[in-house]
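Colleague: Could you take me through the protein surface that faces the DNA, and then through whatever else helps to place it? Please give the cut-offs as you go.

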There are 2 protein chains.
Amino acid sequence: MLQIIEGALNSKMNLKQLSEILGLSQTTVSRALNGYPEVSEGTRVRVQAAAQKHGYRPNSRAKGLATGRSMVIGHVIPSSSQHEMVNPIFGDFVAGAARKYAEYGYDLMFTNADDTSIEEAYRSLFQRGAVDGVVLQGPKVNEPRIAVLKRMGVPFIVHGRSTGVDTPYDWIDVNNKSSFLRATRFLIDLGHRRIALINGLEDMDFAQRRRAGYLEALKQAGLAADPELMRSAEMTEVYGHHESRGMLQLENPPTAILASSMISAIGVRRALDEAGLKMGRDVSVIAHDDDLSYLKNGQDVPIFTATRSSVRHAGEMAAEMLIERIKFPDDAAKSKLLEAELVVGRSTGPVPNRT
Amino acid sequence: MLQIIEGALNSKMNLKQLSEILGLSQTTVSRALNGYPEVSEGTRVRVQAAAQKHGYRPNSRAKGLATGRSMVIGHVIPSSSQHEMVNPIFGDFVAGAARKYAEYGYDLMFTNADDTSIEEAYRSLFQRGAVDGVVLQGPKVNEPRIAVLKRMGVPFIVHGRSTGVDTPYDWIDVNNKSSFLRATRFLIDLGHRRIALINGLEDMDFAQRRRAGYLEALKQAGLAADPELMRSAEMTEVYGHHESRGMLQLENPPTAILASSMISAIGVRRALDEAGLKMGRDVSVIAHDDDLSYLKNGQDVPIFTATRSSVRHAGEMAAEMLIERIKFPDDAAKSKLLEAELVVGRSTGPVPNRT
DNA sequence: CGTTGCATCCAAAGCGCTTTGAAAGTGAGT
DNA sequence: ACTCACTTTCAAAGCGCTTTGGATGCAACG
């Protein structure tokens, strides 16, 4: 008996077979399962029980063909051909989004595309009817993909924003400018005057905004920005280490460092250790913390003073906004600006007295 | 003119429309595009040009329905409901796999499932016809999902292996046992006798194998294993820190630590720093390095002595093996065992003289 | 000139579902 | 008894593709 049920659960059964077993038409069975009102409660129960028993699952391709919707959302991972870098926030963002997708009955489809073929990847995904909407990640300044997606007419949401693009579009972003403004001001208030910025790649929109916040805070405090103290590259540990190390050897080294990610902050920390400096006492460090699941910023007391904003949460919200957009394609563009939280940890302290 | 072409590129055109434009039947157009021989070279060229010009892309759902294949491969991310942890290797593994999928014309579909519904997730993915094959990640000892997938008849490959499962199945794995055996022996050769193991979760198959390698090396050297020095949990930075810290406070603390991931090794390093110990001099550390793109183990000289094996490469190979399996469902089970490379960095050194 | 064989092309069926338009059944109202 | 208004069910069309089983035309052959 168990055998039979298990066998049934493993077999692929289709509507036709199921309706024959039930002695009903495909129409009725379909309606019963999809909750249409034109079917009596009795038969509905009977149909659902049979579907359950035989492990019937509507073929999603057929369903998609018939309904014109694929119930799939596309993500494109731009795997930079040069550095082969996968953004570490990727996993958590996707996990958040996927959770919401599942909730609303959507699947998530990925495509890997190198820098040169990203547009093509989106186009293919949508025009083949493979997805109902897409997520655009890691927008640059003047991001050209936004216009492309607009023209294609595919519902989409941007994780981040793009300075210079003035057509309206949906986005969700952290307030990078205010985060870094606050972080910088916090350091200034602690007496720091030589504050370094170890930022992400310059053409990334978030990096621009963070720098803007940083510069604004300096300006408000009447401090001049020193180009020597502003670095930018892909946010790896090695890079954080390398730049810090370089700056610590300057004639007039920084007493505080702002890092655009926890990963590069770990590199900063390593450079400090190597230089025999104690983080929080000799040099203060503030990191931006995406609250990644495998890289929590300490347990009770945070390791790093940080501007924190959960990227997983952003993924969830992005998913919801996109699904809303798919449902109402003609609504006005929506956006959501998340404020990062400034958590104070052990990595910051008053500026040391120069001997 | 450009306008027209762009418009065409953005519109969704179907086979029927295209064949009408060409004055050919759908059959011929379809055959021309799919490389069948029953079509003259002249018309083939004409058809391809028209398809190109009008931006025709066959609807993948319709195609799937007709062919019975979806050209999609499924991954399930088990988002542990308790700790909400996303495996950091996830991104790189997927990037590797997705690249190969694209090469062979496959798409990649994700599903998020919590611990309790993973089986259901796989079942749904396959029986709905949404995927042609699936990848099983993070197998535990006696992994029950393997039998489930076998019974369902879905082509699959396991990233890792599962001790205790004796039915044959496809897998690709790093030789965890030999890696950790060599790493441990390396430490023993340096004179270390108190060697700690900071491992992954105990029920994970890879963790068992690593421990086996570690124990074997100790045994070969005639050393007794101390349960106090063997820890296991989810491989976060915080965990690496916490366990190291605990062990360093033991009466007879370890002089060397093996860490199951770079992330936890970073936590180990932090604990050493806090304790005022210098890594490589006071305490040696060896980490397992998945060669993640954002967490390279130094540039020229590795930071950590490590057992290295690229998880991105594993993703690529897994993809190829799975595609092969889909093509030949009845071939005998295949497997691939990758040997990790032992790279010597700055984190190891001879055992210090106890004072 | 009638066949044969081959190269091209096509009409139509079918993949598994949803949905339209209609038919059959049921009970109330006159 | 007969109509009316539902309720419940169904047959068939259609989604966009592939593929089967011809049809057509043409050159070559006897």
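Modeller: Happy to! Around DNA strand C there are 29 residues, and those that come nearest are Leu15(A), Ser30(A), Arg31(A), Tyr36(A) and Thr27(B); a residue is near a strand if one of its heavy atoms lies within 4 Å of it. Of the atoms of DNA strand C that come within 4 Å of the protein, sugar and phosphate account for 58%. Before going further, please keep in mind that this is a predicted model, in which local features need pLDDT of at least 70 and side-chain atom pairs count only at pLDDT 80 or more, while totals for chains, interfaces and linings use all residues. Residues are numbered from 1 along each chain as its sequence is written, chains are lettered from A and ligands numbered from 1 in the order in which they are written, and side-chain values use heavy atoms, with hydrogens and water left out.

Now for the polar contacts, each a pair of N or O atoms within 3.5 Å; within protein, one atom must be able to donate a hydrogen and the other to accept it, and residues adjacent in sequence count only if both atoms are side-chain atoms. The side chain of Tyr36(A) has an N or O atom 2.5 Å from a phosphate oxygen of DNA strand C. Asn34(A) places a polar side-chain atom 2.9 Å from a phosphate oxygen of that strand. Arg31(B) addresses a base instead: an N or O atom of its side chain is 2.7 Å from a base nitrogen of DNA strand C. Two or more residues of the surface near this strand come from each of helix H3 (26–33) and helix H5 (60–67) of chain A, and likewise from helix H3 (26–33) and helix H5 (60–67) of chain B. Helices (H or I, at least four residues) and strands (E, at least two) are DSSP runs, numbered from the N terminus. H5(A) contributes the largest share, 5 residues. By class, the surface near DNA strand C has 11 nonpolar, 13 polar and 5 charged residues; here Ala, Val, Leu, Ile, Met, Phe, Trp, Tyr, Cys and Pro count as nonpolar, Asp, Glu, Lys and Arg as charged, and the others, Gly among them, as polar.

Turning to DNA strand D, 28 residues surround it, with Thr27(A), Glu38(A), Leu15(B), Ser30(B) and Arg31(B) coming nearest. Sugar or phosphate makes up 58% of the strand D atoms within 4 Å of the protein, and bases make up the rest. Ser25(A) has a backbone N or O atom 2.7 Å from a phosphate oxygen of DNA strand D, and Thr43(A) has a polar side-chain atom 3.1 Å from a phosphate oxygen of the strand. From chain B, a backbone N or O atom of Asn59(B) is 3.0 Å from a phosphate oxygen of DNA strand D. H3 and H5 of both chain A and chain B each supply at least two residues of this surface, and H5(B) gives the most, 5 residues. The classes are 11 nonpolar, 13 polar and 4 charged.

H5(B) deserves a closer look at its two ends. At its start, a side-chain oxygen of Asn59(B) comes within 2.8 Å of the backbone nitrogen of Arg61(B). After H5(B) comes Gly68(B), with a positive phi near 85°. Met71(B), in the loop between H5 and strand E1 (72–78) of chain B, has a positive phi near 55° although it is not a glycine. Most residues other than glycine have a negative phi.

Finally, the two chains meet each other as well as the DNA. Each chain's part in the contact (heavy atoms within 4.5 Å) is as follows: 66 residues from chain A and 66 residues from chain B. Between them they bury about 5,900 Å², 53% of it on carbon and sulfur atoms; buried area is the accessible area (1.4 Å probe) that two parts lose on being put together, summed over both. On the chain A side, Arg57(A), Arg61(A) and Tyr294(A) lose the most area to chain B, together 14% of what that side buries.
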